[in-house]
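Open the model in your viewer and keep the sequence panel visible. The stops below go from strand pairs to single residues and end at the surface.

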Amino acid sequence: MLERREKDITDLERRVSNSVIVGKVSQVDHAKARYRVKAGRFESDWLPFTSARAGETRSYDSLDVGEQVVIVSPSGDPSQGVIVGSIATQAKQAADKGNIHRTIYPDGTVVEYDHDAKAYKMDVAEGGSYALNIEGGASIHATGGDIKIKAPGGIAIESATLTHNGKDISNMHEHTGVEPGGSNTGPVA
């Protein structure tokens with residue numbers, strides 16, 4: 001009887017010990033969104049990672065090999081575990097203020113929102129690109145301040161029409177009151 005009780009206590013201690021495990025990602029399977037985690041000599045089975053969304057709306061934010069994570073295991077069974085989050089270290093901290101929401105990518109690209117300053121910023125790493133495809137059209141409104149575009153390499157616009165302050169300035173517009181000839185028009189005085 002005492003031997004069975006000691007065995008039950010040992011089993012309970014093991015289950016409690018395995019209910020929360022801190023370790024590092026050792027392997028990644030992006031296609032299945034599963035990870036293996038190593039903690040000391042223990043290495044987990046392939047485990048899922050919780051996502052912000054995983055229904056009709058879904059997101060995927062992969063973990064990296066070496067990233068420190070927390071596994072929660074129902075009933076202390078690590079084979080049933082779920083990775084519930086990452087643990088930021090000082091070396092891998094993304095921001096040093098509570099008002100900043102920042103994502104830093106390995107190539108140096110940074111996406112940031114500062115809710116105190118009401119400022120959204122994206123810095124794409126050198127050699128990178130940014131594309132925004134909107135089928136239904138787009139509009140930019142600056143209710144205060146200017147909109148500035150700096151493009152040392154040039155700006156290319158492809159459009160059936162182009163208007164400025166309600167006037168057609170596309171390649172289809174006509175200048176009236178100008179006599180044909182070899183002269184160029186000049187800037188408006």
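Two strands count as paired if DSSP finds at least two bridges between them. The model is a predicted one, and the tour begins with a pair that meets this criterion.

**Stop 1: S7 and S8.** Select S7 together with residues 110-114, which make up strand S8. The two strands run antiparallel and are joined by five bridges. For one of the pairings, pick Thr103 and look across to Val111, its bridge partner in S8.

**Stop 2: the whole sheet.** Add S9 to the selection to see an open sheet of three strands, in the order S7-S8-S9, with antiparallel pairing. Strand S7 (100-104) and strand S9 (119-123) are at the edges; each has a single partner strand, so one side of each lacks a neighbour in the sheet. On average, neighbouring strands here are turned by 5 degrees against each other, direction ignored.

**Stop 3: S1 and S2.** Move to residues 20-29 (strand S1) and residues 34-39 (strand S2), an antiparallel pair with five bridges. Gln27 has Arg36 in S2 as its bridge partner. Between the two strands of this hairpin lie four residues, and in the turn Ala33 shows a positive phi of about 55 degrees.

**Stop 4: other partners of S2.** Keep S2 selected and add S3: the two pair in the antiparallel sense over two bridges. Lys38 is opposite Glu43 in S3. The S2 and S3 hairpin has two residues between the strands, and Gly40 takes a positive phi near 65 degrees. Now add S4, which runs antiparallel to S2 and is joined to S2 by two bridges. Here Arg34 is opposite Pro48 in S4.

**Stop 5: Ser44.** Select the loop between strand S3 (42-43) and strand S4 (47-48), where Ser44 is found. Is Ser44 buried or exposed? Its relative accessibility is 1%, so Ser44 counts as buried, the cut-off for buried being under 20%. Leaving aside residues up to four places away in sequence, Ser44 touches Tyr35, Arg36, Val37 and Ile71.

**Stop 6: a surface patch.** Return to strand S9 and pick Tyr120. With 58% relative accessibility, Tyr120 counts as exposed, because the label applies to values over 50%. Then show the surface and select Tyr113, Tyr120, Met122, Val124, Tyr130, Leu132 and Ile134, which make a nonpolar surface patch of about 720 Å².

Conventions
Residues are numbered from 1 along each chain as its sequence is written. This is a predicted model: local features need pLDDT of at least 70, side-chain atom pairs count only at pLDDT 80 or more; totals for chains, interfaces and linings use all residues. Side-chain values use heavy atoms; hydrogens and water are left out. Axes are lines fitted to C-alpha atoms, for helices over the stretch in contact, and angles run from 0 to 180 degrees between N-to-C directions. Buried means under 20% relative accessible area, exposed over 50%, partly exposed in between (1.4 Å probe, protein chains only). Contact means heavy atoms within 4.5 Å. Patches are made of residues with over 30% relative accessible area and no salt bridge: like charges are joined within 9 Å, nonpolar side chains (Val, Leu, Ile, Met, Phe, Trp, Tyr) within 5 Å. Accessible areas come from the Shrake-Rupley method with a 1.4 Å probe; for residues, only the protein chains shown count as cover. A salt bridge is a side-chain nitrogen of Lys or Arg within 4 Å of a carboxyl oxygen of Asp or Glu.
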